[in-house]
Amino acid sequence: MSVVINTNYAATVASNNLAASNASLQKSLNRLSSGSKIVSPADDAGGLAVSMKLSAAAIRQGAVATNISNAISFLQTQDGALKVTAKVLERISELKVLYTDVTKSSSDKANYDAEFVALTAQLRSTALEKFNGVTMFGSADIGQVDVTEDGGTQVTIASRNLLDNTSGVGTIADSTVTSLGGVQLTDISTAIQNVATMRANNGSEQSRFNFASELVIVNKSNLESANSRIVDVDVATESTQLARWNVLVQAGTSMLSQANTSSQTALKLLQ
């Protein structure tokens, strides 16, 4: 082996190895300090692209879950109004039966009529109730609610026209009817049945939204889990790598120091 001064090959190799070990050490430090496996796009370009899509999908799932919860709250509020409406109709039916009592005087019946008029006004008032500015009762559907993050599946909140003469309580709540003598008990029974049907339909929509919400939450959790496997660092594995690179950096530093002193052999030959 020749002894030279101008070129120190051993020191060059040791320096390159030390630089590579130090770069890997810094990368491990960055991963552990950030908790992320992908500190820069160069670490995993393809994984970063997939992670961004998964992360966006998970965020959309969260937004869908919020919308579904709001839709459920709307239906619950609507059902509350229908429940009160049913109680009002029950009271009206009771008044109707009392009104037919032959022992009641005309003044007694007038008193029943006064309450009847007040109750029909309450029915009309209930039909105008709103949820966050959105009318709860009307002839048009409330709208469609997305139950998947891609908007591929929707659930419609159907219309419920409380004052409709056929499917609602319009016959009873008509403002032109001011006396219990102007309504039939069968009309009241039909109105009660209509409200019961509305509550049943409302409940079926709530049930579907509850299951849709459960599915969205599960999907969101799975998306976050899949994204975690791509971007989150495994602390146990990475700490092992950190220890390895730490030893290599220390060893490389020591070997570079020795390689730098190897050229001094030539000086001894010149003495």
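**A pocket and two nonpolar cores**

The second largest pocket holds about 160 Å³ of space. The model that contains this pocket is predicted. Its lining comprises Asn67, Asn70, Ala71, Phe74, Phe131, Asn132, Val134, Ile142, Val145 and Ile157. By class, 7 of the lining residues are nonpolar and 3 are polar. No charged residue takes part in the lining. Helix α2, which spans residues 45-99, gives the most to the lining, with 4 residues.

Helix α2 also features in the nonpolar interior. The largest nonpolar core has 40 residues. Those with the most contacts inside this core are Ile68, Leu89, Ile92, Leu162, Ile172, Leu180 and Phe209. At least two residues of the core come from each of α2, α3 (106-126), β4 (154-157), α4 (170-173) and α5 (185-231). The most, 15 residues, come from α2.

Ile68 shows how such contacts are made up. Leaving aside residues up to four places away in sequence, Ile68 touches Val145, Asp146, Val147, Phe209, Ala212, Ser213 and Val216. One of these partners, Val145, also lines the second largest pocket. Another, Phe209, is itself among the residues with the most contacts inside the largest core. A second core of 9 residues is separate, and includes Leu18, Leu25, Val249 and Leu256.

The UniProt record, an unreviewed entry, lists residues 5-137 as "domain: Flagellin N-terminal". Over residues 5-137, the chain is 77% helix and 3% strand. The C-alpha atoms at the two ends of this stretch lie 95 Å apart.

How values were computed: Residues are numbered from 1 along each chain as its sequence is written. This is a predicted model: local features need pLDDT of at least 70, side-chain atom pairs count only at pLDDT 80 or more; totals for chains, interfaces and linings use all residues. Side-chain values use heavy atoms; hydrogens and water are left out. On a 1 Å grid over the protein atoms alone, a cavity is a set of points where a 1.4 Å probe fits but cannot get out, and a pocket is an open set with protein on both sides within 12 Å along at least five of seven lines; lining residues have an atom within 4 Å of a point. Grid points are joined across faces, edges and corners, and a volume is the space filled by probe spheres set on the points. Ala, Val, Leu, Ile, Met, Phe, Trp, Tyr, Cys and Pro count as nonpolar, Asp, Glu, Lys and Arg as charged, and the others, Gly among them, as polar. UniProt positions are given in the numbering used here, feature names are shortened, and annotations may be inferred rather than shown by experiment. A nonpolar core is a set of buried Ala, Val, Leu, Ile, Met, Phe, Trp, Tyr and Cys residues joined through side-chain atoms within 4.5 Å. Buried means under 20% relative accessible area, exposed over 50%, partly exposed in between (1.4 Å probe, protein chains only). Contact means heavy atoms within 4.5 Å.
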